[in-house]
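Colleague: I'm new to reading models like this one. Can I ask you a few "how do you know" questions while we look at it together?

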Amino acid sequence: MLSKLEQTRAVYAGKHHAIDAFLDARQALLVEYIQLAGFTPQRGKHRSLPCCESIQHFCNNLVDYISASHFEIYDHVMGAYESAKGEQLALAETIYPKLRACTDVVLRFNDKYSNAGEEDLLTLDDDLNRLGPVLETRFCLEDQLVKALHIVERLSDKTTTQN
């Protein structure tokens, strides 16, 4: 997921302030997810369950990321699409319901773990393993929207320049 993020950043970095901030937030979320899921090696240590505070912090960042994407990026994307016709609009209409489905999974994870107690941590690994692919799907969908937004804005700039 991090390598895909770097590919997206390489293509779109510096082209739009909101997209840059969005990609920075995604990177921070991914790093936190990787640490929480225990994918980072710990020298000489066995993996132990994260503390409840770490999980709550991750849940807060997860919900912040999802909220920012809905209220900042998607509003901007949908505004650009309103003036677009054809393929880009169809893309947005196709992707948005899939993003909502990912959001539902994320919110269920948050509901379960935002105030988790020690006993809730017994299912954390399984739930993180289910959350990872959902986040990856979401990031791919968001990247498609960012790409389409870039195309729409480029076309809009050309149209404005020609008039």
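Colleague: Which helix has the lowest mean pLDDT among the elements of the protein, and which has the highest?

Modeller: Helix α1, residues 2–12, has the lowest mean at 67, and α2 has the highest at 86. Keep in mind that this is a predicted model. Where pLDDT is low, the predicted coordinates should not be read in detail. Over the protein, pLDDT averages 79, and 65% of the residues score at least 70.

Colleague: And what is the overall layout, read along the sequence?

Modeller: The pattern is α-α-α-α-α. That's five helices and zero strands.

Colleague: Okay, aromatic rings next. Why is the pair of Y33 and F58 called tilted?

Modeller: Start with the distance: the ring centres are 6.2 Å apart, and rings pair if their centres lie within 6.5 Å. Then the angle: planes under 30 degrees apart count as stacked and over 60 as edge-to-face, with the rest tilted. The planes of Y33 and F58 are at 40°, so the pair is tilted. The pair also links distant parts of the chain, with Y33 in helix α2 (residues 17–37) and F58 in helix α3 (residues 52–82), 25 residues apart.

Colleague: What makes F58 and F109 an edge-to-face pair, then?

Modeller: Same test, other outcome. Their centres are 6.1 Å apart and their planes are at 85°; the cut-off for edge-to-face is over 60, so the pair of F58 and F109 is edge-to-face. F109 sits in helix α4 (residues 87–113) and F58 in helix α3, so this pair ties together parts that are 51 residues apart in sequence.

Colleague: How do you know whether F58 and F109 are buried or exposed?

Modeller: Buried means under 20% relative accessible area. F58 has 0%, so F58 is buried. F109 has 6%, so F109 is buried too.

Colleague: Which residues does F58 touch, leaving out those up to four places away in sequence?

Modeller: L29, E32, Y33, L36, F109 and L131. Y33, F58 and F109 also form one aromatic cluster together with Y113.

Colleague: Which residues touch the most other members of the largest nonpolar core?

Modeller: Y33, F58, L62, F109, L128 and L131, out of 32 residues in that core. Helices α2, α3, α4 and α5 (124–162) each supply at least two of its residues. The largest share, nine residues, comes from α3.

Conventions. Residues are numbered from 1 along each chain as its sequence is written. This is a predicted model: local features need pLDDT of at least 70, side-chain atom pairs count only at pLDDT 80 or more; totals for chains, interfaces and linings use all residues. Side-chain values use heavy atoms; hydrogens and water are left out. Rings of Phe, Tyr and Trp (its six-membered ring) pair if their centres lie within 6.5 Å; planes under 30 degrees apart count as stacked, over 60 as edge-to-face and the rest as tilted. Helices (H or I, at least four residues) and strands (E, at least two) are DSSP runs, numbered from the N terminus. Buried means under 20% relative accessible area, exposed over 50%, partly exposed in between (1.4 Å probe, protein chains only). pLDDT is the predictor's confidence in each residue, from 0 to 100. A nonpolar core is a set of buried Ala, Val, Leu, Ile, Met, Phe, Trp, Tyr and Cys residues joined through side-chain atoms within 4.5 Å. Contact means heavy atoms within 4.5 Å.
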